[in-house]
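Thanks for sharing this one with me. Here are my notes, point by point, to read with the model open beside you.

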Amino acid sequence: MMHIGNEWDALLADEIKKDYYLRLREFLKNEYTTRTIYPPMNDIFNALRHTSYSDVKAVILGQDPYHGAGQAHGLCFSVKKGTPPPPSLQNIFKELRDDLGIDPPNHGELTAWADSGVLLLNTVLTVREGAANSHKGMGWEQFTDRVIQLLNQREQPMVFLLWGGNARAKAGLITNPNHLVLQCAHPSPLSAYNGFFGCRHFSKTNEFLKQHGIQPINWQLS
């Protein structure tokens with residue numbers, strides 16, 4: 001059974017009893033037994049584990065995990081220290097420098113963001129090695145939609161950063177006027193010049209949080 005270790009366990013208790021989730025669980029048991037699946041099983045729920053419900057200040061929505069060896073560890077766009085930052089993450093760091101003057105770190109691990117209130121959530125939480133979108137349509141989307149809906153219900157303001165078409169498709173789930181929704185192109189090299197570069201989402205997020213008396217996010221990665 002899913003065990004996260006914070007508020008998410010109670011909030012999602014009914015969700016993991018639903019038929020679609022039980023089917024997803026059986027699918028994943030078979031996949032992890034017979035194939036190479038990322039991230040490692042114990043890392044699937046890292047985004048929720050690192051950023052409890054009440055602690056969320058901002059949400060960055062990704063698509064599905066990196067599908068190369070040693071990359072995915074349950075936080076969207078993040079790779080563990082020692083793994084070279086992929087191109088999309090390099091572009092995120094470039095925008096961060098242009099927006100806030102923060103120089104890129106010498107690694108690509110975003111755990112510090114997660115621990116400071118940034119929910120780094122992929123819409124699909126697992127993937128087969130070398131096969132992007134291979135677990136699309138298996139039930140994860142319904143599960144992560146529920147996470148977004150629960151956040152939408154929260155009264156305390158937060159910022160949703162929707163980068164690219166897959167993330168922007170979730171905008172309809174965010175109806176609470178307390179929250180800010182920021183949308184732009186995906187940071188992928190294929191689309192970053194179509195509106196990701198220059199979006200200034202990092203400074204806009206912190207401006208919104210400060211306006212609502214919330215401690216801004218420390219985007220610096222050491």
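1. Let me start with the side chain of Thr-123: a polar atom there lies 3.0 Å from the backbone oxygen of Gln-63. Since this is a predicted model, please take the distance as a computed value. Thr-123 sits in the loop between strand 3 (118-122) and strand 4. Is Thr-123 buried or exposed? With a relative accessibility of 5%, Thr-123 falls under the 20% cut-off and therefore counts as buried. Leaving aside residues up to four places away in sequence, Thr-123 touches Leu-61, Gly-62, Gln-63, Trp-140, Glu-141, Thr-144 and Lys-170.

2. Strand 3 itself is worth a look, just ahead of that loop. Five of its five residues are buried, and strand 3 is mostly covered. Val-118, Leu-120 and Asn-122 point one way, Leu-119 and Leu-121 point the other way, and all are buried. Strand 3 pairs with strand 2 in the parallel sense over five bridges. If you want a place to start tracing that pairing, Ala-58 has Val-118 as its bridge partner in strand 3.

3. Strand 2 (residues 58-62) also runs parallel to strand 5, and four bridges join the two. Here Leu-61 has Leu-162 as its partner in strand 5. Strand 5 in turn runs parallel to strand 6, with five bridges between them. Leu-162 appears again in this pairing, with Gln-183 as its bridge partner in strand 6.

4. How many residues of strand 5 (residues 159-163) are buried? Five of the five are, so strand 5 is largely enclosed by the rest of the structure. Val-159, Leu-161 and Trp-163 point one way, while Phe-160 and Leu-162 point the other way, and all of them are buried.

5. On to the nonpolar core. The largest one has 72 residues, and those touching the most other members are Phe-45, Ile-60, Trp-113, Trp-140, Phe-143 and Leu-151. Trp-140 was met above as a contact of Thr-123. For Trp-113, not counting residues up to four places away in sequence, the contacts are Ile-60, Ile-92, Leu-96, Val-118, Leu-120, Phe-202, Asn-218, Trp-219 and Leu-221. Val-118 and Leu-120 in that list are residues that point one way from strand 3.

6. Phe-202 leads us to helix 8 (201-211). Its buried residues are His-201, Phe-202, Ser-203, Thr-205, Asn-206, Phe-208 and Leu-209. Which elements cover them? Among them are strand 2, helix 4, helix 5 (111-115), strand 5 and strand 6. After helix 8 comes Gly-213, with a positive phi near 70°.

7. A few backbone details deserve a second glance. Most residues other than glycine have a negative phi, and most peptide bonds are trans. Arg-200, which is not a glycine, has a positive phi of about 55°. Arg-200 lies in the loop between strand 6 (180-184) and helix 8, and at 39% relative accessibility Arg-200 counts as partly exposed. Asn-133 is another case, with a positive phi near 65°. Asn-133 belongs to the loop between strand 4 (127-128) and helix 6 (140-153), and its relative accessibility of 31% makes it partly exposed.

8. Do check the peptide bond from Tyr-38 to Pro-39 as well: it is cis, with omega near -5°. Pro-39 is in the loop between strand 1 (37-38) and helix 3 (46-50).

9. Lastly, the open and enclosed spaces. The largest pocket holds about 420 Å³ of space. It is lined by 26 residues, and Asp-64, Pro-65, Tyr-66, Phe-77 and His-186 are the closest to its centre. Helix 4 (87-100) and strand 3 each supply at least two residues of that lining. As for cavities of 30 Å³ or more, the structure holds one. The largest cavity has about 30 Å³ of space and is lined by Ile-44, Phe-45, Asn-46, Ala-47, Leu-48, Gly-74, Leu-121 and Leu-125. Helix 3 provides the largest share of that lining, with three residues.

Technical notes:
Residues are numbered from 1 along each chain as its sequence is written. This is a predicted model: local features need pLDDT of at least 70, side-chain atom pairs count only at pLDDT 80 or more; totals for chains, interfaces and linings use all residues. Side-chain values use heavy atoms; hydrogens and water are left out. A nonpolar core is a set of buried Ala, Val, Leu, Ile, Met, Phe, Trp, Tyr and Cys residues joined through side-chain atoms within 4.5 Å. Buried means under 20% relative accessible area, exposed over 50%, partly exposed in between (1.4 Å probe, protein chains only). Contact means heavy atoms within 4.5 Å. A polar contact is a pair of N or O atoms within 3.5 Å; within protein, one must be able to donate a hydrogen and the other to accept it, and residues adjacent in sequence count only if both atoms are side-chain atoms. Two strands pair if DSSP finds at least two bridges between them. On a 1 Å grid over the protein atoms alone, a cavity is a set of points where a 1.4 Å probe fits but cannot get out, and a pocket is an open set with protein on both sides within 12 Å along at least five of seven lines; lining residues have an atom within 4 Å of a point. Grid points are joined across faces, edges and corners, and a volume is the space filled by probe spheres set on the points.
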